[in-house]
Amino acid sequence: MTASTSFDVAHIGNVELLTAEFDKSLWFFHDLLAMRIVGTDGDSTYLRTWDEYQQFTIKLTASSDAGVGLTTFRASSQEALERRVAAIDRFGLGEGWVDGEQGTGPTYRFRDPDGHAMGIYYETERYVATDDKPALKNQASAFPGRGVNARRLDHINYLAKDVVANGEFIAEALGGRESERIAIDGGGYAAWWFHFNNKSYDVVYSDDWTKHGDRLHHIAFAPDTREDILKAADIFLENGIYIESGPHKHAINQTFFLYVWEPGGNRIEFANAGARLLLDPDQPVVEWSAEERKKGQAWGMKTIESFHTHGTPVVKEN
């Protein structure tokens, strides 16, 4: 039976993306994805998707290279937050409490075994619409009606030197529940998917072939429909954005997807993941063999080589 503490994390909170092409990256998220700028702080700009109930969705930070900065998670209660902090501390990976950013309360900073910076909080301020007030009171702000219309942040996929160590950390420290995984013939996993709520995944760890550590595979945004993702492909084509793969359908978790590289080099996915929900709290994990994965995606498209080799920061070859 699933323990009640497996629901201690409500969802992924927000993500800091690093870019060496700040102005171009900001154009991508603001103009093409229709995300709203809600604040600035030094070299960083805060943006939100149109149905984000919190103050911001991503923090875009100018940096010498692309990659991921701080990822946060919202706990489901103050008591849940305290339980998760205690569990993190048992791994010896806690870094201590800091003030939250842009409407989030006290945040406990920590790192996963691979070194990715993370934080967990409970207190948060809800976004109050002004000139973007919606017609329907049950959404956070008005539908933009332009660009990709990214509705919410869906998930994050990290590259990891050790998928098993990081996956076990997510399961034990944050209470993440497995949904699917790819087994390696010699033992271990090539990738491992975890969820905190009814979505099929919120956090993924994929094998980093470079063994560099602290790298990003991608973050994903959810528009409303598959058709929105098809339209997004046309928008990116017209605006010179590199389309890496898709539109197509994943075999694992059945997500309809499109992958692009934003101008700073970070891989961004557009995912219609809401079609498949895990309503069973004791959903058995689905394990795929390496041989099964050779068959490619759901409709037969083979996984492209760069999906295994590209991550940010980019590892320079000697």
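Which residue in S15 does His248 stand opposite? His248 faces Phe257 there, and that pair is a good way into the first of the sheets described here. One thing up front: this is a predicted model, where local features need pLDDT of at least 70, side-chain atom pairs count only at pLDDT 80 or more, and totals for chains, interfaces and linings use all residues. Residues are numbered from 1 along each chain as its sequence is written, and side-chain values use heavy atoms, with hydrogens and water left out.

Now for the sheet with His248. Its nine strands line up as S14-S15-S16-S13-S9-S12-S11-S10-S17, forming an open sheet with mixed pairing. S14 (242-249) and S17 (286-288) sit at the edges with a single partner strand each, so each has one side without a neighbour in the sheet. From one strand to the next, the twist averages 15 degrees. Helix H3 (residues 163-173) packs on this sheet and touches S9 (152-160), S11 (189-195) and S12 (203-207). The direction of H3 makes about 15 degrees with that of S11.

A few terms help here. Strands (E, at least two residues) and helices (H or I, at least four) are DSSP runs numbered from the N terminus. Two strands pair if DSSP finds at least two bridges between them. Contact means heavy atoms within 4.5 Å. Angles run from 0 to 180 degrees between N-to-C directions, using axes fitted to C-alpha atoms, for helices over the stretch in contact.

The other sheet is open too, with eight strands in the order S2-S3-S4-S1-S5-S8-S7-S6 and mixed pairing. S2 (36-41) and S6 (94-98) stand at its edges; each has a single partner strand, so one side of each lacks a neighbour in the sheet. Ignoring direction, neighbouring strands are turned by 25 degrees against each other on average. Within the S2 and S3 pair, Thr40 stands opposite Thr45 in S3. Helix H1 (residues 22-32) lies across S1 (9-19), S2, S3 and S4 (58-62), running at about 160 degrees to S4.

Here are two of the strand pairs:

| Strands | Sense | Bridges |
|---|---|---|
| S14 and S15 (residues 256-261) | antiparallel | five bridges |
| S2 and S3 (residues 44-48) | antiparallel | five bridges |

Finally, look at Gln54, in the loop between S3 and S4. Is Gln54 buried or exposed? Gln54 is buried, because its relative accessible area is 1%, and buried means under 20% (exposed is over 50%, partly exposed in between, with a 1.4 Å probe and protein chains only). Leaving aside neighbours within four places in sequence, Gln54 has contacts including His11, Arg48, Arg74 and Tyr121. His195 lies 141 residues away along the chain from Gln54, and their C-alpha atoms are separated by 20 Å.
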